[in-house]
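Colleague: I should like to learn how features of a model are read from its atoms. May we go through one together?

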Amino acid sequence: MFASVQLLDGTKSTLTYSIPELLAGRVSRGWRVLVPVGRQYRIGIVLSVDEHLPKEASGFRIRSIKDSLDGRPIFTEDVLDLCQWASMYYFYPLGLVLRSALPEPLRKKPGIYYRPVSDASTPEKLKEIFSGKKRKQEISRLALMRRGLSRYRIDRWEKEGLIERVYKIPRQKSRKSTQRIFELCLESESTGDSKFNSAVLPALRKSGGKVSYPKLKELVGSNFHYWLRKWKDRGWIREIEEVDSGFSEFSFVQDIVPVSIDELTVWQERVIREVEEVIGDGVFAPFLLHGVTGSGKTEVYMRLCACALKKGLSVLVLVPEIALITQVEAFFRHRFGDVVAVWHSGLDENFRLEQWTALLEGRKRVLVGARSAVFVPLNRCGLIIVDEEHDGSYKQEDRFRYNARDVALVRAKLLNVPIVLGSATPSVQSYFHARVGRYSLLSLPERVRVGKSSVSTGELPEISIVDMRREKKDGIFSATVVKALREVLNRGEQALLFLNRRGYANCLLCPRCGYVVTCKHCDVAMTYHQSRQALLCHYCGASMNVPDVCQRCEKGIMVPIGYGTERVERELKKIFPNASILRMDRDVVSSIRKLVEMLNAVRHGKVDILVGTQMLAKGHDFPDLTLTVVVNADLGFAIPDFRAGEVLAQQLFQVAGRPGRAGQKGRVLVQTWNPGHYIFDALVKEDYRSFCDNELESRQIVGYPPYVRMSRIICTSRDGEIVHRAVYEMAEIISGMQRQSVHVIGPAPAPIFRLRNNFRWHFIVKATTADEMTDYLKAFLNHEVVKKWARKVVVSVDRDPFMCL
């Protein structure tokens, strides 16, 4: 028997190994195995098993598989097929696709341990090592060698059957399972230190003599480390480490009390009935669920999950962002309990391994996860749901550039199961597929108002366009917006201000010579962050101090241009000094726990005005929110991409759906300098489909997706001259590869020409069908000229690009 094995690296071809008799029945497709490569042993995944040696391997020395791991396949058939398809479609090495799918512990070589086998002839040395209560029953190979055993003796005992080998998955220590605690050691009632007596001592006595590090830091304030060192040296407090009993992976769930709903709307019943008919029937059935914001899509998802679970099937639910997962998980866990698993990058690696195993074994049957969850194996998966299917977060923008929504569609087709793509603002591509009949279009056109056990029809918010050309302005806000905010605060309600730009100002500019501070690693202006008194690059993360004078003319004083969420927060505090204002963006949301705490604060009415970026634009349900203000709706028009209008429309429709979800009348104000644009006309009419129709008409004229298939060939190098020569030599071979069904534009510098010290050029490739695109890209990548430049220039393919930046 022979096995075709794929290593977990960039190796382009699989390796063939023979299966020894000892491993008969323990090696099959999807198993993780240990194989010899040179003088080392590496982890690989078995792709196929054959009785005969493959023709391409004949004439070579065939080595044997060293051992099989885990006791079962770690990939289901559908996931393995999915990974092979993704590797071919996105032109990314299969080994790296498999590696990215696995939890971190399964990517590492397992530890080798030994345990004794009961035998009357066991040597005294072996009995001595494994006997005694304090001795572990499984000892690592390295520990045995440290106790004086040679490799030869260990291997001989193993061959003689005196000990047997056991592989253990390496586990990492949990990052957050312990916390720093400060304990009171003072015997007297007080000290001669007034700061300690007033700020710290009362809190310590009140909390039983112990306080956490963050709490102590908050109590002390400025010069914290000086006071901490002083008090520790005097023996008044001491630092200890305790297990954080409050830590749980489930602590990332938002504090939501879901309402049990006994009845549904007519529209919800119609959607559920149509999808339930095909669950468990073994047919691929794609549905596009277009439901306005607040129309009860989550309740529909849960009803469909319940149907699948009743039939003994598992369900995959994809959610685009961790912020939304914390909310969706709360609803699903309340409804289905412990059968719900969670998967995203913020979870501990050991926890993710446990979830992987539980899903594979069928102990968990509903998976709620981010884009990488699309590659997680499930036992008898019978339904796939993609929430907010339009969201750009499903597209990975570097290395393995896959779109989880598209991959989920392929997985549903491989499994022959229904898939529901849900959104209040479907992507233009999905809407087109529904319009031409490839997807079944389902609608939830009415907002739902949830009572204690029933539902009724709710009102959509009133949307008004604020023409900034004619409005009186108070800083960055129009008089209309300031008045509306004041009315909301007087009623004790909440408001959301949306601006999809972080920082205080877009850039710093010299008014004398026009110089703009740019990143030394990227061709972008650095954003001014006043709270940190620093300039930051939002692409590579580089930072620098704010210059006193212009670096070019050395005379001008740098002036901040534009505004971001940080400035919006500051201006609001000037206008409404007594209001509780919370800003939520990546600058202040330092962890998932912090994110959940902020969202809970909003939900519990502790915040009056919420300022945020796109992380707040979709999915969230804040019951007291009645006003949404889009601070600058024109930012989206500046993006140099054919999808700029679509992305802007989706953001506006989504953020306009936040207010008025708990029965109050909601209101939306959109500040713009281009009030005549058809996006705003569709927004006011709350007619997203009319926008899609206009967008499709313009794309058909100029030949953009979904009417053609599109890819980018991106060439990057740290040497600008080399990549320039390379792309123009590649352009010559492209001119010789002309095909009637394929059109190539370029080469041209990428919109962001230099990124992280790499100079970037790109070609835009358009083809009539996916197969024609695949054939063309394959021929290009295999050309001798491209291979010649491979060592100096990185050539990568971005299939179905979301943004061509």
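Colleague: Let us begin with a single residue. In which loop is the place of serine 427?

Modeller: The model is a predicted one. Within it, serine 427 has its place in the loop between E17 and H15.

Colleague: Is serine 427 buried or exposed?

Modeller: Burial is judged by relative accessible area, with buried meaning under 20%. Serine 427 has a relative accessible area of 5%, so it is buried. Apart from neighbours within four places in sequence, serine 427 is in contact with Glu389, His390, Arg405, Glu646 and Gln650.

Colleague: How many cavities of 30 Å³ or more does the structure hold?

Modeller: The general idea is that rolling a probe the size of a water molecule over the atoms shows where empty space is left. In this structure there are four cavities of 30 Å³ or more. The largest cavity contains about 150 Å³ of space. Its lining comprises 15 residues, of which Asn403, Arg405, Gln429, Arg643 and Phe802 are the closest to the centre.

Colleague: Which helices each supply at least two residues of the lining of the largest cavity?

Modeller: Helix H14 (404-415) and helix H15 (428-435) each do so. By residue class, the lining of the largest cavity has seven charged, four polar and four nonpolar residues. Arg405, among those closest to the centre of the largest cavity, is also one of the contacts of serine 427.

Colleague: Let us turn to strands. How many residues of strand E12 (residues 285-291) are buried?

Modeller: In a regular strand the side chains alternate between the two faces of the sheet. One therefore inspects each face in turn. For E12, Ala285, Phe287, Leu289 and Gly291 on one side are buried, and so are Pro286, Leu288 and His290 on the other. Seven of the seven residues are buried, so E12 is largely enclosed by the rest of the structure.

Colleague: Which strand do six bridges join to E12?

Modeller: That is strand E17 (residues 418-423), and the two run parallel. Proline 286 stands opposite isoleucine 419 of E17. Five bridges also join E12 to strand E18 (residues 440-444), again with a parallel course. There, phenylalanine 287 has serine 440 of E18 as its bridge partner.

Colleague: How many disulfides does the count come to?

Modeller: The test is whether two cysteine sulfur atoms lie within 2.5 Å. By this rule the count is zero. Cysteine 83 is in no disulfide, the nearest cysteine sulfur being that of cysteine 381, 14 Å away. Cysteine 83 is buried, at a relative accessible area of 0%.

Colleague: Why does the sulfur of cysteine 804 form no bond with the closest cysteine sulfur?

Modeller: The closest cysteine sulfur, in cysteine 715, is 14 Å from that of cysteine 804, which is too far for a bond. Cysteine 804 counts as buried because its relative accessibility is 8%.

Colleague: Where does glutamine 738 lie?

Modeller: Glutamine 738 lies in the loop between helix H22 (720-735) and strand E35 (742-755). Its relative accessibility is 61%, so glutamine 738 counts as exposed. Separation along the chain and separation in space are read as two values: glutamine 738 and tyrosine 776 are 38 residues apart along the chain, and their C-alpha atoms are separated by 9.6 Å.

Colleague: How far apart in space are valine 588 and lysine 665?

Modeller: From C-alpha to C-alpha they are 31 Å apart, with their positions 77 residues apart in sequence. Valine 588 is in the loop between strand E30 (581-584) and helix H18 (592-603). Valine 588 counts as partly exposed, at 23% relative accessibility.

Key:
Residues numbered from 1 in each chain as written. Predicted model: local features only at pLDDT ≥ 70, side-chain atom pairs only at ≥ 80, totals over all residues. Heavy atoms only, no water. Buried < 20%, exposed > 50% of the residue type's maximum accessible area, 1.4 Å probe, protein only. Helix = DSSP H or I, 4+ residues; strand = E, 2+ residues; numbered from the N terminus. Pairing = 2+ DSSP bridges. 1 Å grid on protein atoms, 1.4 Å probe; cavity = no way out; pocket = protein on both sides within 12 Å on 5 of 7 lines; lining within 4 Å. Points joined across faces, edges and corners; volume = space filled by probe spheres on them. Nonpolar A, V, L, I, M, F, W, Y, C, P; charged D, E, K, R; others polar. Contact = heavy atoms within 4.5 Å.
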